[in-house]
Amino acid sequence: MKDRCETLVMAVIKEIAEMEGVAALKNPEKGTKLLGATLDSLGIVLLSSELEEAIHREFKIEVSLADDRAMSQRTSPFRSVGRLAEYVAELASEKLAGQQ
Amino acid sequence: MNFVITGTSKGLGKYLALSYLSEGHSVAGCSRSESTIEHPLYSHHQLDVSSENDVAKMIRKVVSDHKVIDALINNAGRASMNHILTTPSRTADELLRTNFLGTFLMTREVGKQMCRQKKGAIVNFSTVAVPLALEGEAVYASTKSAIETFTKITAKELGHFGVRVNAVGPTPVETDLIRAVPPQKIAEIIDQQAIKRMGEAGDVKNVIDFFISPASQFITGQVLYLGGVA
């Protein structure tokens, strides 16, 4: 699950890098910083929206990445690629477990 | 154009859906009850607009079918007339859920798609009960006050993406929503309007047409009241 989510997050970030012309995100790594470093709050909104779509395509589940901490540079799940992949894996695992 | 309209089983929502369908637009509608509209360009989604999961599923299906959503009309709403001292908390909760939470969830889910498209128009529903501060409508009017603030802030947050958000504030219109309101109360409201008559569904549609028109691309974050109420 964690690996699948990491691959998924990397793919979506590359798409966002293309769409928004963010050179620093064309080859993302787990440690790549997102919120406040390579993406502003509007970029995070777009990333969140595209990622929800991708999660639905991959796992056939509805998840909402809306989070009260989303725009906090200290605790946001969007603060780095690695943290975002972990967050997506947590949400997807919870959702899939709930379906069983 | 592709429309999403909430609360299409009766009243204004049904009128708006049928009007836009007759003009050749496609409409995805929803209500808690089954569809009351049969039309090749209409799709119905039976759901509660305050259910996060149901709203997300509906919008995903609409996007999958139509690719683009041009306009969202957040019409679904509930009304209740009661003195604050005799209003049950359950009623307040239901009004908040349908009137505010429903509008928020629909706007959030449709907003994601409109931001991808980099265009779209959202029209929310307020009421003249807000500026008139009508006695007996404390809870209902408060949910609509929330809609007005939500409209203005959402307009700013989505404006960067080419998405416009406005609200219409109708006077009383002959629908189920006001059926339980005493005629004397309606007369008192009409007396406070500059133009002293009941509103008609066409009056509301006229404002929506104005808001969603491509010619209105410089208009967002506005609340327009009918009947000359300011």
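Guide: Welcome! A helix here is a DSSP run of H or I with at least four residues, and helices are numbered from the N terminus. Please keep in mind that this is a predicted model.

Visitor: Thanks! What is the volume of the largest cavity?

Guide: Let's begin with how many there are: the structure holds 1 cavity of 30 Å³ or more. For the largest cavity, the computed volume is about 60 Å³.

Visitor: Which helix of chain B gives the most to the lining of the largest cavity?

Guide: Look at the residues around that space: B:S80, B:N82 and B:I84 are among them, and so are B:A138, B:V139 and B:Y140. One helix of chain B covers residues 138-159 and supplies 3 residues of the lining, more than any other element. That helix is α5.

Visitor: How many residues of the lining of the largest cavity are charged?

Guide: Sort the lining by class, and you get 5 nonpolar and 4 polar residues. B:E137 is in the lining too, and Glu counts as charged. The number of charged residues in the lining is 1.

Visitor: Now the two chains. How much area do chain B and chain A bury between them?

Guide: In this interface, 12 residues of chain B are in contact with 13 residues of chain A. Of the area they bury, 50% is on carbon and sulfur atoms. The total for the two chains is about 1100 Å².

Visitor: Which three residues supply 54% of the area that chain B buries against chain A?

Guide: No other three residues of chain B supply as much of its buried area against chain A. The trio is B:R60, B:R116 and B:F161.

Visitor: How many salt bridges are there between chain B and chain A?

Guide: Side chains of opposite charge can pair when their charged atoms come close. One example is A:E52 with B:K112, where the closest N and O atoms are 2.4 Å apart. Between chain B and chain A, the count of salt bridges is 5.

Visitor: Which element gives the most to the side of chain B that touches chain A?

Guide: Two elements of chain B give two or more residues to this side, namely α2 (52-66) and α3 (89-117). The top contributor gives 5 residues, and its name is α2(B).

Visitor: Why does the salt bridge of B:K205 and B:E23 tie together parts that are far along the chain from each other, and how many residues apart are they in sequence?

Guide: The side chains of B:K205 and B:E23 meet at 2.7 Å, N to O. B:K205 lies in helix α7 (residues 201-212), while B:E23 sits in the loop between α1 (11-22) and β2 (26-31), so the pair ties together parts whose separation in sequence is 182 residues.

How values were computed:
Residues numbered from 1 in each chain as written. Chains lettered and ligands numbered in written order. Predicted model: local features only at pLDDT ≥ 70, side-chain atom pairs only at ≥ 80, totals over all residues. Heavy atoms only, no water. 1 Å grid on protein atoms, 1.4 Å probe; cavity = no way out; pocket = protein on both sides within 12 Å on 5 of 7 lines; lining within 4 Å. Points joined across faces, edges and corners; volume = space filled by probe spheres on them. Contact = heavy atoms within 4.5 Å. Buried area = accessible area lost by both parts, 1.4 Å probe. Salt bridge = Lys/Arg side-chain N within 4 Å of Asp/Glu carboxyl O.
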